[in-house]
Amino acid sequence: MRDRNAPLTEADASSLAWDKMDGLLPAAVQDAATGRLLMLGYMDRDALAATLSSGFATFYSRSKGRLWMKGETSGNRLAVRSVHEDCDGDALLVRAAPEGPTCHLGTTSCFGGDENGPAWLAELAAIVRDRAASGDETSYTRRLLAEGPAKIAQKVGEEGVEVALAGVTRDAAGCVEETADLLYHLTVLMEARGYGWEDVIAVLKRRHQAG
């Protein structure tokens, strides 16, 4: 049995349950960085092959009766990181990095829902990265990064102490404020040292699996 944790390859495509929906499989697209559901499309064999070979999400348009690469007109493509099948082989999950808004209405996702969940930390990291490259002298983030890891680490230490004190002396709202400051400065430190939340999560998952 194929390991579904491993990305799908063109060689694996023949084992999918294409006959269930007359040669089409639903393909949910997930932001590879944040985990947010971006859109739902359909793929036939040719669309999947084009996706895997080009590296950009390509679907079968039921209204146009042809293949179409997401963003072929708008430029808002979906750079594919991996494709996975579900347990029955009759649906696909496409993990991608969006190059602009995914929805034709100009929003990040074609679906509504909460944008303030834990996955927003990945968006915060992207904001910090953008500020670092912006050249904006008024940006606190850019100035902090320019001062180097030692200064940023000092700020992380200060904010960590503030969180600890808040845990003893302040209410939940106060703890939230101080925790937000700590997470922001931790994100800046990650940018300075060249790692991200996904690396931290990977370590936590390994520790959990180890018991």
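Reader: Starting with Glu72, which residue does it form a salt bridge with?
Author: Arg66, and the closest N and O atoms of the two are 3.1 Å apart. A salt bridge here is a side-chain nitrogen of Lys or Arg within 4 Å of a carboxyl oxygen of Asp or Glu.

Reader: Before I trust that, what kind of model is this?
Author: It's a predicted model, where local features need pLDDT of at least 70 and side-chain atom pairs count only at pLDDT 80 or more, while totals for chains, interfaces and linings use all residues. Residues are numbered from 1 along each chain as its sequence is written, and side-chain values use heavy atoms, with hydrogens and water left out.

Reader: Okay. So is Glu72 buried, partly exposed or exposed?
Author: Glu72 is partly exposed at 42% relative accessibility. Arg66 is partly exposed too, with a relative accessible area of 36%. For the classes, buried means under 20% relative accessible area, exposed means over 50% and partly exposed is in between, with a 1.4 Å probe and protein chains only.

Reader: How many salt bridges does the rule give?
Author: The count comes to seven. One of them joins Glu99 to Arg77, again with 3.1 Å between the closest N and O atoms.

Reader: Where do Glu99 and Arg77 lie?
Author: Glu99 is in the loop between E6 and helix H2 (120-132), and Arg77 is in the loop between strand E4 (66-69) and E5, so this pair ties together parts that are 22 residues apart in sequence. Helices (H or I, at least four residues) and strands (E, at least two) are DSSP runs, numbered from the N terminus. Glu99 is partly exposed at 32%, and Arg77 is partly exposed at 30%.

Reader: What about Glu178, buried or exposed?
Author: Buried, with a relative accessible area of 11%. Its side chain meets that of Arg170 in a salt bridge of 2.8 Å, N to O, and Arg170 counts as partly exposed at 41%.

Reader: Switching to the sheet. What's the strand order?
Author: It's an open sheet of four strands, in the order E2-E1-E6-E5, with mixed pairing. E2 (37-43) and E5 (78-85) are the edge strands with a single partner each, so each has one side without a neighbour in the sheet. Two strands pair if DSSP finds at least two bridges between them.

Reader: Parallel or antiparallel for E1 and E6?
Author: Parallel, over five bridges, with E1 at residues 25-31 and E6 at residues 92-98. For a specific contact, the bridge partner of Gln30 in E6 is Arg95.

Reader: And E5 with E6, which sense?
Author: Antiparallel, over seven bridges. Val83 stands opposite Val94 in E6.

Reader: How many residues sit between the strands in the hairpin of E5 and E6?
Author: Six, and Gly89 in that hairpin takes a positive phi near 70 degrees.

Reader: You called E5 an edge strand. How many of its eight residues are buried?
Author: Seven of the eight, so E5 is largely enclosed by the rest of the structure. On the other edge strand, Leu37 lies in E2 and counts as partly exposed at 37% relative accessibility.

Reader: Back to backbone angles. What's the phi of Asp22?
Author: Positive, at about 55 degrees, although Asp22 is not a glycine. Most residues other than glycine have a negative phi. Asp22 is found in the segment before E1 and counts as exposed at 77% relative accessibility.

Reader: How's the chain divided into domains?
Author: Domain 1 covers 10-98 and domain 2 covers 119-210, with bounds that come from an automatic or database domain assignment. Their C-alpha centres lie 34 Å apart.

Reader: Now the helices. Which one holds Ala192?
Author: H5, which spans residues 172-193. Ala192 counts as partly exposed at 30%. Its C-alpha atom is separated by 7.2 Å from that of Gly148, and the two residues are 44 apart along the chain.

Reader: And Lys155, buried or exposed?
Author: Buried, at 18% relative accessibility. Lys155 belongs to H4, residues 149-169. The C-alpha atoms of Lys155 and Leu189 are separated by 9.3 Å, with their positions 34 residues apart along the chain.
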